[in-house]
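Q: I would like a close look at one part of this model, followed by an account of what surrounds it.

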Amino acid sequence: KIGIIGETGSGKSTFLDLLTGLLPPTEGEIFIDDVNLHDTNIKRANTLKGWQRYLTNVPQNIYLTDSTIAENIALGINKNDINYKKIYKVIEIVFLTNFINKTPNGINTIVGEQGLMLSGGQKQRIGIARALYKGSKFLILDEATSSIDTKTEELIMQNLNTLGSEMTIISVAHRLNSLKFCNKIYELKGGKLIETNLFNQ
């Protein structure tokens, strides 16, 4: 569990784009488990695609379709193939259960175009639930809890923390409390990642 902080313009978004392979480095190399992410060797041609399938980036603004809560969590899965047992499990992790139980049609409630019927925090929790449903082992939270109240955010982070070694999480946040669960915190400053003892000072 790694936290990333830095002032506006320090390069946090660029760092994530490099890490996820959306941007190739202009100098130097990026290695994932001793494999060059941008190796042009034909035997390594699928390295980047394989890495991108392995991770999920949860942004601040979540893309939602004008369909049900369940379909938005299982985005890209045929409606008839959705694992509803898994849906209920991930909505518990992100504390959406109470909200969903109060809606007329539960997980089959239509969210409206771009989640018109949901609050910002509810959208973000669906985004995290989507990543968990996908089963990603590498989760990037890019200001992904900024619209969630601090109490709920802390409970979600506690739940994610219980996943332990099953998942690697990199969390970029402005609210420092969001990073209390992290094993290490780095600050982006002057183009460098500097480890900081934010909560041990």
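Is Lys184 buried, partly exposed or exposed, and what is its relative accessible area?

A: In this predicted model, Lys184 is partly exposed, because its relative accessible area is 36%, and the band for that class runs between 20% and 50%. Lys184 forms a salt bridge with Glu195, and the closest N and O atoms of the pair are 3.4 Å apart. Lys184 belongs to strand β7 (residues 184–189) and Glu195 to strand β8 (residues 192–196), so the salt bridge ties together parts that lie 11 residues apart in sequence. Glu195 is also in the partly exposed class, because its relative accessibility is 43%. The structure holds one salt bridge.

Strand β8 covers residues 192–196, and one of the residues closest to the centre of the largest pocket is Leu193. That pocket has a volume of about 350 Å³. It is lined by 15 residues, and those closest to its centre also include Phe15, Leu18, Ile30 and Gly191. Helix α1 (residues 12–19) supplies the largest share of the lining, four residues. By class, seven lining residues are nonpolar, six are polar and two are charged.

Turning to the nonpolar interior, the largest core has 40 residues, and those with the most contacts inside it are Val58, Ile73, Ile87, Leu132, Leu141 and Leu160. At least two residues of this core come from each of α3 (69–73), α4 (84–93), α6 (120–134), β5 (138–142) and α7 (150–161). Helix α6 gives the most, with six residues. Leu141 touches Val58, Ile128, Met157, Leu160, Ile169, Ile170, Ser171 and Val172, leaving out residues up to four places away in sequence. Another core, of 12 residues, lies apart from the largest one and has Leu16, Leu19, Ile30 and Val172 among its members. Ile30 is thus named twice, in this second core and among the residues closest to the pocket centre.

Helix α6 also contains Gly121. Gly121 is buried, because its relative accessible area is 7%, and the cut-off for buried is under 20%. Beyond its neighbours within four places in sequence, Gly121 is in contact with Ser147 and Ile148. Pro104 is 17 residues from Gly121 along the chain, and the C-alpha atoms of the two are separated by 20 Å.

Conventions:
Residues are numbered from 1 along each chain as its sequence is written. This is a predicted model: local features need pLDDT of at least 70, side-chain atom pairs count only at pLDDT 80 or more; totals for chains, interfaces and linings use all residues. Side-chain values use heavy atoms; hydrogens and water are left out. On a 1 Å grid over the protein atoms alone, a cavity is a set of points where a 1.4 Å probe fits but cannot get out, and a pocket is an open set with protein on both sides within 12 Å along at least five of seven lines; lining residues have an atom within 4 Å of a point. Grid points are joined across faces, edges and corners, and a volume is the space filled by probe spheres set on the points. Ala, Val, Leu, Ile, Met, Phe, Trp, Tyr, Cys and Pro count as nonpolar, Asp, Glu, Lys and Arg as charged, and the others, Gly among them, as polar. A nonpolar core is a set of buried Ala, Val, Leu, Ile, Met, Phe, Trp, Tyr and Cys residues joined through side-chain atoms within 4.5 Å. Buried means under 20% relative accessible area, exposed over 50%, partly exposed in between (1.4 Å probe, protein chains only). Contact means heavy atoms within 4.5 Å. A salt bridge is a side-chain nitrogen of Lys or Arg within 4 Å of a carboxyl oxygen of Asp or Glu.
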